[in-house]
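Here are a few exercises on empty space and ring contacts, each with a worked solution. Please have your viewer open and work along.

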Amino acid sequence: MADEKAQTQEFKLDPDCELRFEVESKNEKVTLELKSGLAEVFGTELVKGKKYEFIAGAKVAVFTWQGCTVELVGKTDVSYVAKETPMGLYLNCHAAMERLRETAEKDDTRGPITMVVGPCDVGKSTLCRLLLNYAVRMGRRPIFVDLDVGQGHIAIPGTVGALLVERPSNIVEGFSQQAPLVFHFGHKSPQTNVALYNLLVTRLAEVCSDRLQANKKARVSGIVINTCGWVKGDGYKLLTHAAQAFEVDAILVLDQERLYNELVRDMPDFVRVVFVPKSGGVVERSQTQRIEARDQGVREYFYGSRTPLYPHSFEVKWSEARLYKIGAPVLPASCMPLGMKAEDNLTKLVAVAPGPNLLHHLLSVSFADSPEDDVVQTNVAGFVCVTNVDVERQTFTVLSPQPRPLPNTVLLLSDIQFMDSH
């Protein structure tokens, strides 16, 4: 019993303080419980007396405006109380957006479109989650757009997507993934195919704009956009392109004054560029941790995070599937047909012959009925992972969230691989 006692920590937090803790060790579980007062995790309120369980990889910040007592049971790698937090500034950002929403409601116009930018590991996703949760708690229905193809939160890595947020995110699992809109990019960095990335961002912006036109509540609530951490050179051009495509009103720059100054210089006057400090609780991730997080994202897609999901496994005949990837290798200008630019090649549909090279790759199942449709700019229904290839029988086995048959036969090959250990 003494051992268990040692694993329980109680924290009394003063107003405007934050308890930060991390669970790194595999097989460790930490339970968080609010004993008294009021507190929130990334903008979602904690329910008093309810136990929240976190597993390896969790980095959590419990913030209180009024003061509270919380209890942690289990082994944390780090746990401490921070008196200095940027939460007041984040709340100001929310308040400014809320004022714009009120004006939009009165004038029947569009609410604020806000883009969060900054280098890797400064807390962009966390700030997006906070702003979305605060908006939803005010009765808003904002759209969350995630342009981070490496570490996105809407679908698996290698995609960009949008989601209508109707309720605060789950403290442990994040936002409910009901009917997100997802486009296949197929690589874990925009650098691999900048032309395709820009094309998809433009397409996503068009679809979101249509959604805002159709839904008054969403129109007034606006959009919150999360971006990649690539902010120099071509990465910076991608940010300015996204800002233009979505017609953003405000850009929140986390932690990098140089980026802030460049955007102030290059953005039109009506775009407000605001510098926001990052939270002291933000931890830089190593390459290994980033790879693990990507793997975890794919694993949760097939197997669920808290509530277990039971994916199906079945064979697909080579003759039944139409496999493609987007983007052919760039040809030198001298080899190009007259009048064709290299870019056109990067957004072209290229047929792929099935074979052993498909093993462990993820495939996006397109909503396009045939290759004659604009497959590149059509959203996807979901994803399967190739777990086995039988060359003799000319079949491949897929791991799929739903039983056979596949909802469609146009499949897009992704660079992203997943080793199914189940």
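On a 1 Å grid over the protein atoms alone, a cavity is a set of points where a 1.4 Å probe fits but cannot get out, and lining residues have an atom within 4 Å of a point. Grid points are joined across faces, edges and corners, and a volume is the space filled by probe spheres set on the points. This is a predicted model, in which local features need pLDDT of at least 70, side-chain atom pairs count only at pLDDT 80 or more, and totals for chains, interfaces and linings use all residues. Residues are numbered from 1 along each chain as its sequence is written, and side-chain values use heavy atoms, with hydrogens and water left out.

**Exercise 1.** Find the volume of the largest cavity and describe its lining.

Solution. Start with the volume, which is about 60 Å³. Next, list the lining: Leu 147, Pro 190, Tyr 197, Thr 227, Cys 228, Trp 230, Gly 235, Leu 238, Leu 239 and Ala 242. Then look for the main contributor: helix 6 (residues 234–245) supplies the largest share, 4 residues. Helices (H or I, at least four residues) and strands (E, at least two) are DSSP runs, numbered from the N terminus. Finally, sort by class: 8 are nonpolar, 2 polar and none charged. Here Ala, Val, Leu, Ile, Met, Phe, Trp, Tyr, Cys and Pro count as nonpolar, Asp, Glu, Lys and Arg as charged, and the others, Gly among them, as polar.

**Exercise 2.** Do the same for the second largest cavity.

Solution. Its volume is about 40 Å³. Among its lining residues are Ile 156, His 184, Phe 383 and Ser 414. Strand 20 (residues 361–366) gives the most, with 3 residues. The class count is 5 nonpolar, 6 polar and no charged residues.

**Exercise 3.** Phe 383 also belongs to an aromatic cluster; trace its members and pairs.

Solution. Rings of Phe, Tyr and Trp (its six-membered ring) pair if their centres lie within 6.5 Å; planes under 30 degrees apart count as stacked, over 60 as edge-to-face and the rest as tilted. The structure holds 8 aromatic pairs. Tyr 301 and Phe 383 make an edge-to-face one, at 5.3 Å centre to centre and 75° between the planes. Tyr 301 sits in helix 8 (residues 287–303) and Phe 383 in strand 21 (residues 380–390), 82 residues apart. Now take Phe 302 and Phe 418: their ring centres are 6.2 Å apart with planes at 20°, so this pair is stacked. To finish, Tyr 301, Phe 302, Phe 383 and Phe 418 form one aromatic cluster.

Conventions: On a 1 Å grid over the protein atoms alone, a cavity is a set of points where a 1.4 Å probe fits but cannot get out, and a pocket is an open set with protein on both sides within 12 Å along at least five of seven lines; lining residues have an atom within 4 Å of a point.
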